[in-house]
Every structure is written in C-alpha cells, then in structure tokens.
Amino acid sequence: MRTAQTKMNQYWQKAKNRQSLEASLSLAQARQSAAAVRVQEGLEPQARLMEAQEAVQSAQAAIQAGDQEMDTVRRELCVLTGWSYDASPEIREIPVTRAVDLGAIDLEGDKQRAVEQNYALRAAKGKMNNTNYGTVQNKVLQVNVSEAEQKIKTDVENRYQNLKQAQSDQDQAAAELALEQRNLDAASRKLENGSIKRNEYLEIQDGYAAKAAAEQVSALKLTQAQEDYWWAVNGLADAGSL
C-alpha cells in the first residue's frame, strides 16, 4: 500500500509538471514563428531561425521524455494495484496538503511510538526472546535490537526534518506563484490595450505556468513527506538490516 501511494504521488508530480513543459513549447513555437518572419524580412540571420527551431525540438523532446517517465510510473502503479501493466484505468487526482501543523507533532513521543510499532524490530525482539539469555546468539541479537532502535529514531528524525523542509518549500512556491499571478494579470491587461506584444505576454505566461506547476508539485511533495513521516511512526521506519 505504501509503495502504491508513493507511485500515485510520483505520477501526479509528473502530470502537473507537464503543464509547464507545454507552456514552454508554446513559447518556443511563438519565438520560432516570430524568428521566421524576421528572417524573411531580412531583420535576423538564418542562424537565429535555426536556434528557434532547435528550441522547439528541445521542448518537444522534454515533453516526450516526461510522458515516457509518466507512462513508466503508470505501468508500475497498475501492477501494484492488481491491474495488467498495459491496462488503462482512470488515475484520479489525490488530495494534497499545503499546510502541516508542525507544532502539533510530538517528535520524541513519535520516536518512541515508532520503536514500539516497528514490524521488523518486533520480529527481531521475538527472535531474541526465544534464544537462551546470555548465549552468544542472544548477545548478538541484543546488540542488533539496540542498534535498530537507534536507527528507527534517527529515521523518524530525518523524516521530520524532510517534512519541515517540504513545508518551507511549499510556502516559498506559493509565494512565488502569487507574484507570478500578479504579473500575469498585469500582462493580460497590457495585452488587451496593446501595450505589449503577444510574444511578451507568452513569456510571462510561460513563467506563470512554471510557477504554477512548481507549486502543485511542492504540494504533492509535502503530502508525500507527511505520509512518509506517519508511515515511519506507525511501523515502517528503517530499522536497518535485522
């Protein structure tokens, strides 16, 4: 279940990023058209048109590569959820988190809970308790259990720090998107009254699309970081090689 949930998140990260790639392609195509006109009028050298054509090809290649990666994740997700790898089930969007109440998290308490709930550690303790106390095997198992407990606590700590960073990244992405939205709104008004050219508007639109995709991806990453933290606390923290 954990792996499928992670794959679902990865799929939508790639899907959201495609919006930015499409905007970049539209901008590259507009630049190519403008370059073709200017070259025909003798205002630009032929090399400028070739550069614009290469930019279009690069943008198209980026979309193709992204689609291939998304299809790979889709196939893996199908298999994980019981479908044939080449099936085409509807993959619905997942709810995302844009704010985590970090202050409500009891990190030390969660570390202890993670130790108590860890499936691998429970199995190791059961094996340890079934060996004669004081024997070489029992002592080795005691050391392994002790080291595993520390690794579990460290893993929970690391996931908590990842969660904090993901929240910070989401806050930053949201602020940058808000700024780009204002820029796009202003550009829309200028385009309507003819004070900027369409290519200038497309430049700003491309910047907005990139920030919008980044904000959506950051929300998905925050959602995944939160899920990873709670998976660790509830029994799946890394206990090392027990």
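1. Confidence. In the protein, confidence is lowest in helix H1, where the mean is 91, and highest in helix H3, where it is 97. This is a predicted model, and a reader new to it may wish to know that the pLDDT of the protein averages 93, with 100% of the residues scoring at least 70.

2. Helix H2 and its packing. Helix H2 covers residues 46-80, and its 35 residues should span 51 Å at 1.5 Å a residue; the C-alpha atoms at its ends are 52 Å apart, which agrees with that expectation. The buried residues of H2 include Leu49, Ala52, Val56, Ala59 and Ile63, and further along the helix Met70, Val73, Arg74, Leu77 and Cys78. These buried residues pack against H1. Just after H2 comes Gly82, which takes a positive phi of about 90 degrees.

3. A buried asparagine in H1. Asn9 is found in helix H1, which runs over residues 2-40. Is Asn9 buried or exposed? With a relative accessibility of 0%, Asn9 counts as buried, because the limit for that class is under 20%. When residues up to four places away in sequence are not counted, Asn9 touches Ile94, Leu220, Lys221, Thr223 and Gln224.

4. Aromatic pairs. The count of aromatic pairs comes to three. In one of them, the rings of Tyr11 and Trp12 have centres 5.5 Å apart and planes at 85 degrees, so the pair is edge-to-face, an angle over 60 degrees being what that class requires. Tyr11 and Trp12 are both buried. In another, the rings of Tyr160 and Tyr229 have centres 6.2 Å apart and planes at 55 degrees, so this pair is tilted. The pair of Tyr160 and Tyr229 links distant parts of the chain, since Tyr160 lies in helix H5 (residues 136-193) and Tyr229 in helix H6 (residues 198-236), 69 residues apart. Tyr160 and Tyr229 are both buried, and together with Trp230 they form one aromatic cluster.

5. Nonpolar cores. The largest nonpolar core has 23 residues, of which Leu121, Ile152, Val156, Leu163 and Tyr229 touch the most other members. The elements that give two or more residues to this core are H3, helix H4 (119-129), H5 and H6, and the largest share, eight residues, comes from H5. Tyr229 thus appears in this core as well as in the aromatic cluster described above. With its neighbours within four places in sequence left aside, Tyr229 is in contact with Ile105, Leu107, Asp110, Val156, Arg159 and Tyr160. A second, separate core has nine residues, among them Ala4, Leu77, Ile91 and Leu220; of these, Leu77 is also one of the buried residues of H2, and Leu220 is one of the residues that Asn9 touches.

6. Salt bridges around Glu44. The structure holds 18 salt bridges. Which residues form salt bridges with Glu44? One is Arg38, where the closest N and O atoms are 3.1 Å apart, and another is Arg48, where the closest N and O atoms are 3.3 Å apart. Glu44 has a relative accessible area of 18% and is therefore buried, the limit being under 20%. Its two partners are classed otherwise: Arg38 counts as partly exposed at 36% relative accessibility, and Arg48 counts as partly exposed at 40%. Arg38, Glu44 and Arg48 are linked with Glu51 in a network of salt bridges.

7. A salt bridge within H3. The side chains of Lys111 and Glu108 meet in a salt bridge, with an N to O distance of 3.4 Å. Both residues lie in helix H3, three residues apart, which is about one turn of the helix. Lys111 counts as buried at 12% relative accessibility, whereas Glu108 is exposed, with a relative accessible area of 54%.

8. Arg113 in H3. Helix H3, residues 107-117, is also the place of Arg113. Arg113 has a relative accessible area of 35% and is partly exposed. Leaving aside neighbours within four places in sequence, Arg113 is in contact with Trp230, Val233 and Asn234, and Trp230 belongs to the aromatic cluster with Tyr160 and Tyr229. From C-alpha to C-alpha, Arg113 and Arg2 are 19 Å apart in space, and they are 111 residues apart in sequence.

How values were computed. Residues are numbered from 1 along each chain as its sequence is written. This is a predicted model: local features need pLDDT of at least 70, side-chain atom pairs count only at pLDDT 80 or more; totals for chains, interfaces and linings use all residues. Side-chain values use heavy atoms; hydrogens and water are left out. Helices (H or I, at least four residues) and strands (E, at least two) are DSSP runs, numbered from the N terminus. Buried means under 20% relative accessible area, exposed over 50%, partly exposed in between (1.4 Å probe, protein chains only). Contact means heavy atoms within 4.5 Å. Rings of Phe, Tyr and Trp (its six-membered ring) pair if their centres lie within 6.5 Å; planes under 30 degrees apart count as stacked, over 60 as edge-to-face and the rest as tilted. A nonpolar core is a set of buried Ala, Val, Leu, Ile, Met, Phe, Trp, Tyr and Cys residues joined through side-chain atoms within 4.5 Å. The expected span of a helix is 1.5 Å times one less than its number of residues. pLDDT is the predictor's confidence in each residue, from 0 to 100. A salt bridge is a side-chain nitrogen of Lys or Arg within 4 Å of a carboxyl oxygen of Asp or Glu.
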